[in-house]
Amino acid sequence: MADDRDAARRDTCYVRLKDMAVHCRFRPGEHLKVGRLCERLKASSTPVRESLIRLHAEGLVTATSREGFFARVPETEEFSELYRLARTLLSDAMLGAAAAGGNARAEAAEIAVQSALLFSPPARTSAWAAIEQLTLGLSRLARNREVTRIIGNVNDRVRCIRMIACLDAGAVQGMVADTQQLADAIAAADAAGATRSLETMFDRDIRRLPDLTKELLARAHAGGIG
């Protein structure tokens, strides 16, 4: 029973700290001192330290051997690398599903259609969350748990910049169009067209990353997003 309570406390601490990191609620480069976080979370030092170690392993905070843990500083190059990694993995997953045909192709079409519906008014979720659901769904087409794990981690690490991108109504309209084209291409068994739609969706934000990162930094210094 005591072990269960300890595990629950560790999980709660991790979830809360991860939420702060993912949504840039720490100032960029802020020294994440364990003592202060314990006071903020009303938690003991062990679960806080363990959570920070997990978040560092996931690329959501940084660390040095002498000074401890720090909030990430948003960088255009890092976001670009993550977007390009996701684009490559998901394109491969879709092409594999198209080649497999049958149930795999039908599953891909259902994922795309359901994601397109998430963008439709009245919106059932925010645009960035719809994109996360789409990318996670497509990752499962690879039939490789590591691909899905990587895409989940990429989603966590780019959520802040994706949320900034989704503040632009015009950009969201582009996402809606891309998702619908993706659904249509998959339904028509057009693997090349589906891949182009997916790449367009990622490339749209990649081109805007320098400006998006500046906006994110400003908002992060002001207290975070979301």
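**Close-up 1. A127 in helix α6 of the predicted model.**
A127 sits in helix α6. Its relative accessibility is 14%, so A127 counts as buried; the cut-off for that class is under 20%. A127 and Q173 are separated by 46 residues in sequence. In space, their C-alpha atoms are 9.8 Å apart. A127 is also one of the α6 residues that meet α8.

**Close-up 2. The packing of α6 against α8.**
The two axes come within 11 Å. They cross at roughly 25 degrees. Angles under 35 degrees count as roughly parallel, and α6 and α8 are therefore roughly parallel to each other. The crossing in which α6 passes α8 is left-handed. From α6, the contact takes in A127, I131, L134 and L138. From α8, V172, M175, T179 and L182 face them in contact. Sorted by class, this contact of α6 with α8 has 7 nonpolar residues, 1 polar residue and no charged residues.

**Close-up 3. The packing of α8 against α9.**
Here the axes of α8 and α9 come within 7 Å. They cross at roughly 165 degrees. Angles over 145 degrees count as roughly antiparallel, and α8 and α9 are therefore roughly antiparallel to each other. α8 passes α9 in a left-handed crossing. On the α8 side, the contact includes A171, G174, M175, D178, T179, Q181, L182, A185 and I186. On the α9 side, G193, A194, S197, T200, M201, R204, D205 and R208 take part. By class, the contact of α8 with α9 divides into 7 nonpolar, 6 polar and 4 charged residues.

**Close-up 4. D178, a buried residue of helix α8.**
D178 belongs to helix α8. Its relative accessible area is 4%, so D178 is buried. Neighbours within four places in sequence are left aside here. Beyond them, D178 is in contact with S197, T200, M201 and R204. These four residues also appear on the α9 side of the contact with α8.

**Close-up 5. The largest nonpolar core.**
This core has 48 residues. Those with the most contacts inside it are M94, L138, L141, I161, L182, I186 and L216. Six helices each supply at least two of its residues: α4 (76-100), α5 (102-119), α6 (127-139), α7 (145-165), α8 (169-187) and α9 (191-221). Another core lies apart from it and has 19 residues. Among the residues of that other core are L17, F26, L41 and A71.

**Close-up 6. The surroundings of I186.**
Within the largest core, I186 is among the residues with the most contacts. Neighbours within four places in sequence are again set aside. I186 then has contacts with M94, R105, A108, A109, A112 and A194. M94 is itself listed among the residues with the most contacts inside this core.

**Close-up 7. T213 in helix α9.**
T213 lies in helix α9. With 4% relative accessibility, T213 counts as buried. Leaving aside neighbours within four places in sequence, T213 is in contact with P74, E75, T76, F79 and I161. Of these, I161 is one of the residues with the most contacts inside the largest nonpolar core.

**Close-up 8. The packing of α2 against α3.**
Helix α2 spans residues 34-41, and helix α3 spans residues 45-57. Their axes are 9 Å apart and pack at an angle of about 110 degrees. Angles of 65 to 115 degrees count as roughly perpendicular, and α2 and α3 are therefore roughly perpendicular to each other. Their crossing is right-handed. V34, L37, C38 and L41 in α2 make contact with S45, V48, R49 and L52 in α3. By class, the residues of this contact of α2 with α3 divide into 6 nonpolar, 1 polar and 1 charged. L41 also belongs to the core of 19 residues.

**Close-up 9. K42 and R143, two loop residues with positive phi.**
Most residues other than glycine have a negative phi. K42 is not a glycine, yet its phi is positive, at about 55 degrees. K42 lies in the loop between α2 and α3. At 76% relative accessibility, K42 counts as exposed. R143 is found in the loop between α6 and α7. Its phi is also positive, near 55 degrees, in a residue other than glycine. R143 is exposed, with a relative accessible area of 55%.

Conventions:
Residues are numbered from 1 along each chain as its sequence is written. This is a predicted model: local features need pLDDT of at least 70, side-chain atom pairs count only at pLDDT 80 or more; totals for chains, interfaces and linings use all residues. Side-chain values use heavy atoms; hydrogens and water are left out. A nonpolar core is a set of buried Ala, Val, Leu, Ile, Met, Phe, Trp, Tyr and Cys residues joined through side-chain atoms within 4.5 Å. Buried means under 20% relative accessible area, exposed over 50%, partly exposed in between (1.4 Å probe, protein chains only). Contact means heavy atoms within 4.5 Å. Axes are lines fitted to C-alpha atoms, for helices over the stretch in contact, and angles run from 0 to 180 degrees between N-to-C directions. A crossing is left-handed if the near helix is turned anticlockwise from the far one by less than a right angle, and right-handed if clockwise. Ala, Val, Leu, Ile, Met, Phe, Trp, Tyr, Cys and Pro count as nonpolar, Asp, Glu, Lys and Arg as charged, and the others, Gly among them, as polar.
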